[in-house]
Amino acid sequence: MKNVLTGTLLFLAACNNMFEKKTSAQVKKLKAIMEETDKTWSFQPLIDILAEDVKFKSTIPAGTPISGEFRGKEAVARYFNVILQDVAVFKQQVPMEFIEAGNRVIILGDDAYTLKKNGATHRSPYAAIFTFEEGLIRDILIIQDLSGIWDAYRER
């Protein structure tokens, strides 16, 4: 299912590139925040534009500290500021591409992540879908092969 969704997003991105691009203020703001976050590894500017009832989920299976759905601004802030930073450090390998689709912004990227648990580095492309409501982020879904993290935490 993850591969079908990722393929669909990549198809939509390709279609998007065929048309004139109009970048909204919302996309410009998110792009600036994400590019700064990549440089500084500070998530506060992103947290500042989260709705109080925000939901965050990535496609990693259960069994890791970053698995599951995180609900509410406080839980998502803890995910970014504490949990994620205890698990791995992520670094973009190619410039992110931002695609607007109605009230959603899709970010396509490719990053490497180094695990704090064992020092292993993995690389994979991703799609991140941000859903906005009244200027704030209501939902975040990350579609990425995070099997390196899952392998490090799964019971053997």
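This tour moves through the structure selection by selection and states what is found at each stop.

**The whole chain**

Begin with the entire chain in view, bearing in mind that the model is predicted. The chain contains five helices and seven strands. Followed along the sequence, these elements come in the order α-α-α-β-β-α-β-β-β-β-β-α. The chain has 156 residues, of which 41% count as buried. If a surface is displayed, about 8,700 Å² is exposed, and carbon and sulfur atoms supply 55% of that area. Of the contacts between residues at least 6 apart in sequence, 54% join residues at least 24 apart.

**Strands E3, E5, E6 and E7**

Next, select strand E3 (residues 88-92) together with strand E5 (residues 104-115). E3 and E5 run antiparallel and are joined by five bridges. Ala88 has Leu115 in E5 as its bridge partner.

Which residues of E3 form its covered face, and which its uncovered one? Ala88, Phe90 and Gln92 belong to the covered face, while Val89 and Lys91 belong to the uncovered one. In a regular strand, side chains alternate between the two faces of the sheet.

Add strand E6 (residues 121-133), which is antiparallel to E5 and joined to it by eleven bridges. Here Thr114 stands opposite Thr121 of E6. The hairpin of E5 and E6 has five residues between the strands, and in it Gly119 takes a positive phi near 80°.

Then add strand E7 (residues 136-144). E6 and E7 pair in the antiparallel sense, over eight bridges. Glu133 stands opposite Leu136 in E7. The hairpin of E6 and E7 has two residues between the strands.

**Two residues with positive phi**

Stay at the loop between E6 and E7 and select Glu134. Glu134 is not a glycine, yet its phi is positive, at about 55°. Glu134 is exposed, with a relative accessible area of 82%.

Move now to Trp41, in the loop between H2 and helix H3 (44-48). Trp41 likewise is a residue other than glycine with a positive phi, near 60°. Its relative accessibility is 21%, and Trp41 counts as partly exposed.

**Salt bridges**

The chain has eight salt bridges; the following stops show some of them.

Select Lys91 and Asp38, whose side chains meet in a salt bridge with an N to O distance of 3.9 Å. Because Lys91 lies in strand E3 and Asp38 in helix H2 (residues 25-40), this pair ties together parts that are 53 residues apart in sequence. Lys91 is partly exposed, at a relative accessible area of 42%.

Continue to Asp139 and Lys55, a salt bridge in which the closest N and O atoms are 3.7 Å apart. Asp139 lies in strand E7 and Lys55 in strand E1 (residues 50-58), so the parts tied together are 84 residues apart in sequence. Is each partner buried or partly exposed? Asp139 counts as buried, at 17% relative accessibility, whereas Lys55 is partly exposed, at 28%. Extend the selection to Glu133 and Arg138: Lys55, Glu133, Arg138 and Asp139 are linked in a network of salt bridges.

A further pair to display is Asp151 and Arg154, whose side chains meet in a salt bridge at 3.4 Å, N to O. Asp151 is partly exposed, at 30% relative accessibility, and Arg154 is partly exposed too, with a relative accessible area of 34%.

**A buried aspartate**

Finally, return to strand E5 and select Asp111. Which side chain of opposite charge is nearest to Asp111? That side chain is Arg123, 7.6 Å away, and Asp111 is buried yet has no salt bridge. A salt bridge requires the nitrogen to be within 4 Å of the carboxyl oxygen. The side chain of Asp111 does have a polar contact of 2.7 Å with the side chain of Gln144.

To see the surroundings, display the residues in contact with Asp111, leaving aside its neighbours within four places in sequence. Among them are Phe90, Lys91, Gln92 and Gln93, as well as His122, Arg123, Ser124 and Tyr126. Two residues in this environment have appeared before: Phe90 on the covered face of E3 and Lys91 on the uncovered one.

Key
Residues numbered from 1 in each chain as written. Predicted model: local features only at pLDDT ≥ 70, side-chain atom pairs only at ≥ 80, totals over all residues. Heavy atoms only, no water. Helix = DSSP H or I, 4+ residues; strand = E, 2+ residues; numbered from the N terminus. Buried < 20%, exposed > 50% of the residue type's maximum accessible area, 1.4 Å probe, protein only. Contact = heavy atoms within 4.5 Å. Areas by Shrake-Rupley, 256 points an atom, 1.4 Å probe, with all protein chains shown as cover. Lys, Arg positive; Asp, Glu negative; His and termini not counted. Polar contact = N/O pair within 3.5 Å; in protein donor to acceptor, adjacent residues only side chain to side chain. Pairing = 2+ DSSP bridges.
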